Amino acid sequence: GGMLDNIVMSRLYRPGSVSYVSKSGGMSNELNNIVCRNSNGVCEGVAIGGDRYPGSRFLDHFLRYQDDPAAKLLLLLGEVGGIDEYDLIDA
């Protein structure tokens with residue numbers, strides 16, 4: 001808990017050059033934390049969720065990130081047993 005000011009002051013969410021897609025919304029918070037502590041920050045992060053019929057897939061976002069000059073590093077956080085991760089590898 002706490003105020004939004006505390007989150008901003010912690011610099012765990014700061015602009016940078018890493019773009020990521022995560023399957024899990026909760027894990028994307030931890031991924032954002034790790035990225036911001038070990039790089040210059042996050043350009044964009046998306047959590048697509050684990051729904052049976054998702055609105056978007058990993059590949060959709062990675063193709064978009066490839067066209068973004070601000071995104072220098074693309075990162076994927078999948079889940080064990082997922083199949084969309086293989087579609088991204090094959091692309």
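Select I89 to begin: this residue counts as exposed because its relative accessibility is 63%. Here, exposed means over 50% relative accessible area, buried means under 20%, and partly exposed lies in between, with a 1.4 Å probe and protein chains only. I89 is placed in helix α4. Helices (H or I, at least four residues) and strands (E, at least two) are DSSP runs, numbered from the N terminus. Add L59 to the selection: its C-alpha atom is 9.2 Å from that of I89, although the two residues are 30 apart along the chain.

The model on the screen is predicted, with local features requiring pLDDT of at least 70 and side-chain atom pairs counted only at pLDDT 80 or more, while totals for chains, interfaces and linings use all residues. Residues are numbered from 1 along each chain as its sequence is written, and side-chain values use heavy atoms, leaving out hydrogens and water.

**The surface patch**

Keep I89 selected and add I83 and Y86. Together these three residues form a nonpolar patch on the surface, with about 390 Å² of accessible area. Patches consist of residues with over 30% relative accessible area and no salt bridge; like charges are joined within 9 Å, and nonpolar side chains (Val, Leu, Ile, Met, Phe, Trp, Tyr) within 5 Å. The accessible areas come from the Shrake-Rupley method with a 1.4 Å probe, and for residues only the protein chains shown count as cover.

Now centre the view on I83, which belongs to the loop between β3 (73-77) and α4 (84-90). I83 counts as exposed because its relative accessibility is 64%.

**The largest pocket**

I83 also leads to the next stop, since it is one of the residues that line the largest pocket. Select the lining as a whole: K23, G50, D51, R52, P54, R57, E79, V80, G81, G82, I83 and D84. A pocket is found on a 1 Å grid over the protein atoms alone, as an open set of points where a 1.4 Å probe fits, with protein on both sides within 12 Å along at least five of seven lines; lining residues have an atom within 4 Å of a point. The volume of this pocket is about 210 Å³, a volume being the space filled by probe spheres set on grid points that are joined across faces, edges and corners.

Which classes of residue make up the lining? It has six charged, three polar and three nonpolar residues. In this scheme Asp, Glu, Lys and Arg are charged, Ala, Val, Leu, Ile, Met, Phe, Trp, Tyr, Cys and Pro are nonpolar, and the others, Gly among them, are polar.

**The salt-bridge network**

Next, select K23, R57, D84 and D87, which are linked in a network of salt bridges. A salt bridge is a side-chain nitrogen of Lys or Arg within 4 Å of a carboxyl oxygen of Asp or Glu, and by this rule the count comes to four.

Start with K23 and D84, whose closest N and O atoms are 3.7 Å apart. This pair joins distant parts of the chain, 61 residues apart: K23 is in the loop between β1 (15-22) and α2 (25-38), and D84 is in helix α4. Both K23 and D84 are buried.

Move from D84 to R57, where the side chains meet in a salt bridge of 3.9 Å, N to O. R57 lies in the loop between β2 (42-47) and α3 (58-66), 27 residues from D84. Is R57 buried or partly exposed? R57 counts as partly exposed because its relative accessible area is 32%.

Finish the network at D87, which forms a salt bridge with R57, the closest N and O atoms being 2.6 Å apart. D87 is in helix α4, 30 residues from R57.

**The whole chain**

Finally, zoom out. The chain has four helices and three strands, arranged along the sequence as α-β-α-β-α-β-α.
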